[in-house]
Amino acid sequence: MINQKVLSAQQIEQLEMKLGYDIQSGHYWYDAESGLWGIANGPALGQTQKGLIKNSKLAAKASNGGSGVFINGRELCAQEIVFCQQQTEHVLAKGHYRLNESGQLGLINHATELVVRYPKNHRAFCHSKSNIALHNHTIKTDLMLS
């Protein structure tokens, strides 16, 4: 299930061909604009290719967020907000931001841009314990605003 939609066997096969590996069954969210993905109701676990899944609406509450900070329509959860505040001198003000696949983050209708680097070193739509452990270590060292 990705973005609250059950994928057909054909869609899964096409996705696996694009990624080059088998994905694990589970409930995920995916941001087609930036390539960010995570387990449903959780923070971003990494970034993969953008546009892998077409016509898949990302829900605002996909990460169970309550921060008032939205990236491409997804409200960030406390874990992502805390990380940004601990690791940078920049605080993301409440508002709506756009993030592209290059990591350029900008407040909608403003010219200021920050760069966000989500980890790209683990497999999208695979939720093994090692991937979660990797997330807990990697995202804290690889997500940077500058």
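This briefing walks through the fold, the cores and a few chosen residues of one protein chain.

The model is predicted. Its chain has 146 residues, and 46% of them are buried. The secondary structure comes to three helices and eight strands. Confidence varies along the chain, with a mean pLDDT of 79.

**Overall fold**

- From the N terminus on, the elements follow the order α-β-β-β-β-β-α-β-β-β-α.
- Take the contacts between residues at least 6 apart in sequence: 52% of them join residues at least 24 apart.
- The accessible surface is about 8,000 Å². Carbon and sulfur atoms account for 51% of that surface.

**Confidence**

- A pLDDT of at least 70 is reached by 73% of the residues.
- Strand E5 (residues 74–75) has the highest confidence, at 96.
- Helix H3 (residues 129–142) has the lowest, at a mean of 41.
- Residues 129–146 stay under 50 in pLDDT. The model has 48 contacts beyond four places in sequence for this stretch.
- Where pLDDT is low, the predicted coordinates should not be read in detail.

**Helix H1**

- Which residues of helix H1 (residues 9–19) are buried? They are Leu15, Glu16 and Leu19.
- These buried residues cover an arc of only 100° around the axis, so they sit on the same side of H1.
- Gln10, Glu13 and Met17 are exposed on the other side of H1.
- Glycine 20 comes just after H1 and takes a positive phi of about 90°.

**Nonpolar cores**

- In soluble globular proteins, nonpolar side chains tend to be buried together.
- The largest nonpolar core here has 15 residues. Ile2, Leu15, Leu19, Tyr30, Trp37, Leu52 and Phe125 have the most contacts inside it.
- H1 and E1 are the elements that give two or more residues to this core.
- Another core, of 13 residues, lies apart from the largest one. Its members include Trp29, Ala44, Val69 and Leu99.
- Leucine 52 is in contact with Leu15, Lys18, Leu19, Tyr30 and Phe125, leaving aside neighbours within four places in sequence.

**Glutamate 33**

- Glutamate 33 is in the loop between strand E1 (28–30) and strand E2 (36–39).
- Its relative accessible area is 38%, so glutamate 33 is partly exposed.
- Beyond four places in sequence, glutamate 33 touches Lys50, Asn72, Arg98, Leu99, Asn100 and Glu101.
- With arginine 98, the link is a polar contact between side chains, at 3.4 Å.
- Asparagine 72 is 39 residues away along the chain, yet its C-alpha atom is separated from that of glutamate 33 by 7.3 Å.

**Asparagine 3 and serine 56**

- Asparagine 3 lies in the segment before H1.
- Serine 56 is in the loop between strand E3 (44–47) and strand E4 (69–71).
- How far apart are the polar atoms that join the side chains of serine 56 and asparagine 3? The polar contact is 3.0 Å.
- Serine 56 also touches Ile2, not counting residues up to four places away in sequence.
- Buried means under 20% relative accessible area. Asparagine 3 has 10%, so it counts as buried. Serine 56 has 17%, so it is buried too.
- Asparagine 3 has a positive phi of about 55°, although it is not a glycine.

**Asparagine 41**

- Asparagine 41 is found in the loop between E2 and E3.
- Asparagine 41 is not a glycine, yet its phi is positive, at about 70°.
- Is asparagine 41 buried or exposed? At 53% relative accessibility, asparagine 41 counts as exposed.

**Serine 67**

- Serine 67 is in the loop between E3 and E4.
- Its relative accessibility is 16%, so serine 67 counts as buried.
- A polar atom of the serine 67 side chain lies 3.1 Å from the backbone nitrogen of valine 69.
- The backbone oxygen of leucine 76 lies 2.7 Å from a polar atom of the serine 67 side chain.
- Serine 67 touches Glu75, Leu76, Ile81 and Lys94, not counting residues up to four places away in sequence.

How values were computed:
Residues numbered from 1 in each chain as written. Predicted model: local features only at pLDDT ≥ 70, side-chain atom pairs only at ≥ 80, totals over all residues. Heavy atoms only, no water. Helix = DSSP H or I, 4+ residues; strand = E, 2+ residues; numbered from the N terminus. Buried < 20%, exposed > 50% of the residue type's maximum accessible area, 1.4 Å probe, protein only. Contact = heavy atoms within 4.5 Å. Polar contact = N/O pair within 3.5 Å; in protein donor to acceptor, adjacent residues only side chain to side chain. Areas by Shrake-Rupley, 256 points an atom, 1.4 Å probe, with all protein chains shown as cover. pLDDT = per-residue confidence, 0-100. Arc of directions from axis to C-beta. Core = buried A, V, L, I, M, F, W, Y, C linked by side-chain atoms within 4.5 Å.
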